[in-house]
4 protein chains.
Amino acid sequence: MIEDKFKDECGVMAVHTHPEASTLTYLGLHQLQHRGQESAGIVSSDGARLHLHKSMGLVADIFTEEALNKLPGAIAIGHKRYSTTGDSAVLNAQPIMVDCNKGMIALAHNGNLVNAWEIRHRLEAQGSIFQTTSDTEVIVHLIAQSREQTLADAVCDALRRLEGAFSLVMMTRDRVFAVRDPRGFRPLSMGRIHNGGGDERDTIVFASETCAFDLIGAVYERDVKPGEMVVVGPEGVSSRFFATEMKQSSCIFEHVYFSRPDSRVFGRPVQISRELMGRQLAKESPVQADVVVPVPDSGVTAAIGFSAESGIPFRFGLIRNHYVGRTFIEPEQTVRDFGVKLKLNPVRSLLAGRRVVLIDDSIVRGTTSRKIVRLV
Amino acid sequence: MIEDKFKDECGVMAVHTHPEASTLTYLGLHQLQHRGQESAGIVSSDGARLHLHKSMGLVADIFTEEALNKLPGAIAIGHKRYSTTGDSAVLNAQPIMVDCNKGMIALAHNGNLVNAWEIRHRLEAQGSIFQTTSDTEVIVHLIAQSREQTLADAVCDALRRLEGAFSLVMMTRDRVFAVRDPRGFRPLSMGRIHNGGGDERDTIVFASETCAFDLIGAVYERDVKPGEMVVVGPEGVSSRFFATEMKQSSCIFEHVYFSRPDSRVFGRPVQISRELMGRQLAKESPVQADVVVPVPDSGVTAAIGFSAESGIPFRFGLIRNHYVGRTFIEPEQTVRDFGVKLKLNPVRSLLAGRRVVLIDDSIVRGTTSRKIVRLV
Amino acid sequence: MIEDKFKDECGVMAVHTHPEASTLTYLGLHQLQHRGQESAGIVSSDGARLHLHKSMGLVADIFTEEALNKLPGAIAIGHKRYSTTGDSAVLNAQPIMVDCNKGMIALAHNGNLVNAWEIRHRLEAQGSIFQTTSDTEVIVHLIAQSREQTLADAVCDALRRLEGAFSLVMMTRDRVFAVRDPRGFRPLSMGRIHNGGGDERDTIVFASETCAFDLIGAVYERDVKPGEMVVVGPEGVSSRFFATEMKQSSCIFEHVYFSRPDSRVFGRPVQISRELMGRQLAKESPVQADVVVPVPDSGVTAAIGFSAESGIPFRFGLIRNHYVGRTFIEPEQTVRDFGVKLKLNPVRSLLAGRRVVLIDDSIVRGTTSRKIVRLV
Amino acid sequence: MIEDKFKDECGVMAVHTHPEASTLTYLGLHQLQHRGQESAGIVSSDGARLHLHKSMGLVADIFTEEALNKLPGAIAIGHKRYSTTGDSAVLNAQPIMVDCNKGMIALAHNGNLVNAWEIRHRLEAQGSIFQTTSDTEVIVHLIAQSREQTLADAVCDALRRLEGAFSLVMMTRDRVFAVRDPRGFRPLSMGRIHNGGGDERDTIVFASETCAFDLIGAVYERDVKPGEMVVVGPEGVSSRFFATEMKQSSCIFEHVYFSRPDSRVFGRPVQISRELMGRQLAKESPVQADVVVPVPDSGVTAAIGFSAESGIPFRFGLIRNHYVGRTFIEPEQTVRDFGVKLKLNPVRSLLAGRRVVLIDDSIVRGTTSRKIVRLV
């Protein structure tokens, strides 16, 4: 593979009926930060109209107390994105919020539509205008142009025209919609905050990963199913399938490195998947070595599995510097493998003169791996 | 009148074919800053695609060297806006840039459409989505949906559907369009930078006020006429009228206080208009007084006219503090007329015990005037 | 003269016993902003200890509500400075606050000591350390090392060793000291806020210019006299002379352009001085001309005086752009006299074909004047 | 113990003769960031004078390219501090730079002087002024007031008067001094960058921890010894002892949690110390359990040691969120143990229904530990 890492993961979050909906959404996005540090946005509804705030940067920098105060109401959705190209990054930040014949709608999307450009060209030919280059704008056009009478029908009509991966949350003045594509490529889970007073008084939440639930005191309930649309409104929670479930093809990288190890993704704890992968590797490729060393942080669990299976001791032989993430000024007189050294430092006392098994989350990152091996 | 000041003026600027098109546009917007300090934006074309940068704030803060470097190309348009309400201010910043069946289009608008909501509701009923609340988005929808074959025809078709005030500049990959409504309510002037080598090598510029030309070395040529659309493209400058000129009703406040005194607006120097207004006032309302004092800055010229006509000496009896414009922390133990005092301070030695004629630009600002009179 | 402008003016402010001492000081500094836009600082006393906040920038940017909340207490002094050279600018910002055998002392200084380096070298030889390059640090060393028993005596002892210009305000936990050098080179005025309940309940304020009093509701009382030290403490206001008044040599530039025209400086309204200077110029150098035009803002009053004396009409033929003050990006293809054009724009309609008398505040700024004349 | 954590560690760094001295110092400070995130500063020497830049915040935010360009020269020292109390934080940031009879001196200090206030009171009585509340200012006063003829002698004279912990680096125009107190309480190591051309052309570096050497390509040479002063100057490296080594009492917390595991501190790899502590704990307090879980990051190595000794499997049962470090907005409707949850999230699938041995770096943090135990 050519690229060092796939970078198209995003995180979405939704909260239906909670006095601090936008604050909970912000905390959820904070937990999903590993899915994207480039931009973040939240739309809230105060029952009458929608309020939007989105910007480039980290969640904690974007959502100050002042910003959250401008996002009133009991319903909110949020989005966290990894990376965009080009200078129109802010324009492409999500959620996207529009006004149309179905009223005000906001939508946040994690995925990749394979027929987005085709649909867009058809819509443009009919006189539609586009203000972003994101797939999400295509979806809202389809919803607005649907001839179906109700919004729910119009959404289903629009979703049936899409091909590719889409886990999305959508909101109107009083409703939240949560949807997964028929193949279930990206995760989307549903949780519940018990407020007392029966099911109908509970807060319903949706998030790309369950680690977002833990911080806000929500309990994991179930995954949104492939091809399903869950609607939460004043009348309660309802579900319908806009398409028959197709052969499931969940994204393998969710378990390998996108997701946090404390999340449950596609119905299975990520930590356990990773440990099993490490064990499997030890069975498939047994080696003679003195020590098993992970590339932190995502390689840790697999390395523990490898160690447990092989009996070779596990040691933290590479230390990660957690203050990286900003631009760094390199010395002109170049230090070899500077970029990798900035992030990782080998523990000489553990590695010197030993045979080392180095476990990374994946071998996608060819060039980086080579540098790390050289370091070690 | 109820309001202190009308606040709906904006400034627009366009440059066709200059190696530093976005820098000239930025300097022009800087000169138009008195027409709006809330947000500013520029779109440039490098011949292949359009580049957009817009943000809240002052021109000099928004367009850093880094920002201008991301606006390459020889064609650019810009916009400066006064004030918006609500939290969606960034969304409503201009220029608006869209992709449609006529290609990429950017548009900046100074004015107020009276039938904007009517058109919008009709478009929404047909399935169009709206991402802002600005009139400008209505215009681009109309252009995109026009059945006319060429862009110029489509623009004229769209403009004929608009009612109200609109002085606008528009651009595509290779062309700039400059338009004024049939009544010519807002100003829009055309200028020229002589680059040597004949007319076809000149840079053509457009701006809301001619003071934008002086800084960039452009020479005023003429006003865009009411109902006229001037098009500048690879083939040169051409002009057509999309509507017959109607009874002209230029905005009186342009001469009274919107425009800078060094600008020529509606074909007449603003400075001269203001002096004549002062003289007229002296003729219509002669008074016995010791001194004529202007409310700076916009009342100065009228006060000079009043003084010249009446023979009463002109003196600077009110000093303006030019560092205002940020949020100020007031003492809790309130100082009387604090807000006015922060901006204006009377010169006691000039005013004490004298009969004072106080000349402001207009009596729109009733409450402020009363406070100023109290100060004096 | 070689330089365009003298740039060593600063502004000082002090407030003794007011519940919002630091807020009033901040507002006073705001009014003194024309005396320096580079840095500002305030020290307050809550009765037990002193609190300092100083930074580079404009008053309104430095003193946010949060910053003022960290400056509690009923006594405060402040400082505003024009310009420093070198990279140690923050270190040299004032007030300077130290702890010594006389307790905590803060000091803000407007002036220039001619024997500062001489004293400094002597102090260093004795083992003193210096952390800034400002004259002010020399003064506090002298106070700390004085053998006098009381602080007031020690201050007088220190002041007697200084040569040059110094208008300074100083504070301890419970007292404010205001001092002017024996020649009275720089201004320093005393004002009073009547709080009701008799003189001893009044707030006493000091400022470089009286325009600082107007905004905070203080009434001008008198100037601090050359060689005088006014002390405000729990026991009330007292005065003593640390030196006999010498031949007064007040800085002429205070009246010419440092001070605001609405201030009373050296006992005389600045506005009136400037008008008289204009009249004097008209008498000394009579000319035949069509119009008198000021270089705004500081040349306005002298031009009015010139016009009044000569009978030649006064007109605003140069418009100043008030948004300057930030860094501006120049086009590479240089515009002639760009820097001046950015600040001033001639009104063609007033100047074309006329004989113009151009009045600036002073001819110090030779190069700029030449550019302005070329513009006109 | 009462406090959650001791917070008085700092980091120091020095570079003698390297064309990019300030950049290397900045990178070293970056590696020492775990020793303090509150403020950072660097002083460089261009051979003629010293240049200082210090500010509140993270290393990468403070030292932009622009800031480093203002720190020219081949010699530099730097400082990173953890935390200060009060609002005078910037004043207390280090290095401290002064001018005195020994020339310009800059000094950065990691430690705590027990007789600082006593010395300070004596110096104040003699007329010295103090501008900060940091111990460091006491040291420079002592150096300035020493009667010794050479700077090296004066420094030794000053150091002999100090009691307590001090690992410090100091610089003049052309020399770097590195010093450790006679008990060797805080670490300080010396390294070398081989530039080719023999020892005298090497770059000598000093740092609180050896992890700072790895990033800049320096090789660990030795620790500065207790009571030793190493001087690096144009004449090369020399060493002298200002005091006889006393009974060594190195700070135990350096190995427990201050230092990075990839550093060698007090002559021993931190990683190995921590693993041995974990093994020791397993021997001293054997328990029956299903899984050993570390509190990341500092408890990881001890947990590995505990697991290796006890045979109980090691698992990552707590996930740390690395984006924390900013202010977080809590929901009003408080989530239980919110602060801990923000940092750590338990992996339910690993912990549910199991007997867990939880290994933290230390039990200093009593309250936090209790919350973590409750989480688990």
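How many residues does the contact take from chain C and from chain D?

**View 1. Where chain C meets chain D in this predicted model.** The contact draws on 25 residues of chain C and 25 residues of chain D. Put together, the two chains bury about 2,100 Å² between them. Of that buried area, 49% lies on carbon and sulfur atoms.

**View 2. A salt bridge between Arg120(D) and Asp99(C).** Here the two side chains come together at 3.2 Å, counted from N to O. Between chain C and chain D there are two salt bridges, so have a look around for the partner. If you want to keep going, eight residue pairs are in polar contact across this interface, both residues of each pair being at pLDDT 80 or more.

**View 3. The side of chain C that touches chain D.** Two strands, β3 (50-56) and β5 (96-100), each supply at least two residues here, and so do the helices α5 (116-125) and α6 (135-145). What kinds of residues make up this side of chain C? It's a mix: eleven are nonpolar, seven are polar and seven are charged.

**View 4. Turning chain C onto chain D.** Give chain C a turn of 180° and a shift of 0.1 Å along the axis, and it can be laid on chain D with an RMSD of 0.1 Å. The two copies are therefore related as by a two-fold rotation axis. Which C-alpha of chain C is nearest the axis? That of Ser128(C), at 3.4 Å from it. Both copies use the same surface, too: 100% of the contact residues of chain C recur in chain D.

Terms used: Residues are numbered from 1 along each chain as its sequence is written. Chains are lettered from A and ligands numbered from 1 in the order in which they are written. This is a predicted model: local features need pLDDT of at least 70, side-chain atom pairs count only at pLDDT 80 or more; totals for chains, interfaces and linings use all residues. Side-chain values use heavy atoms; hydrogens and water are left out. Contact means heavy atoms within 4.5 Å. Buried area is the accessible area (1.4 Å probe) that two parts lose on being put together, summed over both. A salt bridge is a side-chain nitrogen of Lys or Arg within 4 Å of a carboxyl oxygen of Asp or Glu. A polar contact is a pair of N or O atoms within 3.5 Å; within protein, one must be able to donate a hydrogen and the other to accept it, and residues adjacent in sequence count only if both atoms are side-chain atoms. Helices (H or I, at least four residues) and strands (E, at least two) are DSSP runs, numbered from the N terminus. Ala, Val, Leu, Ile, Met, Phe, Trp, Tyr, Cys and Pro count as nonpolar, Asp, Glu, Lys and Arg as charged, and the others, Gly among them, as polar. Copies are superposed by least squares on the C-alpha atoms of residues with pLDDT of at least 70 in both.
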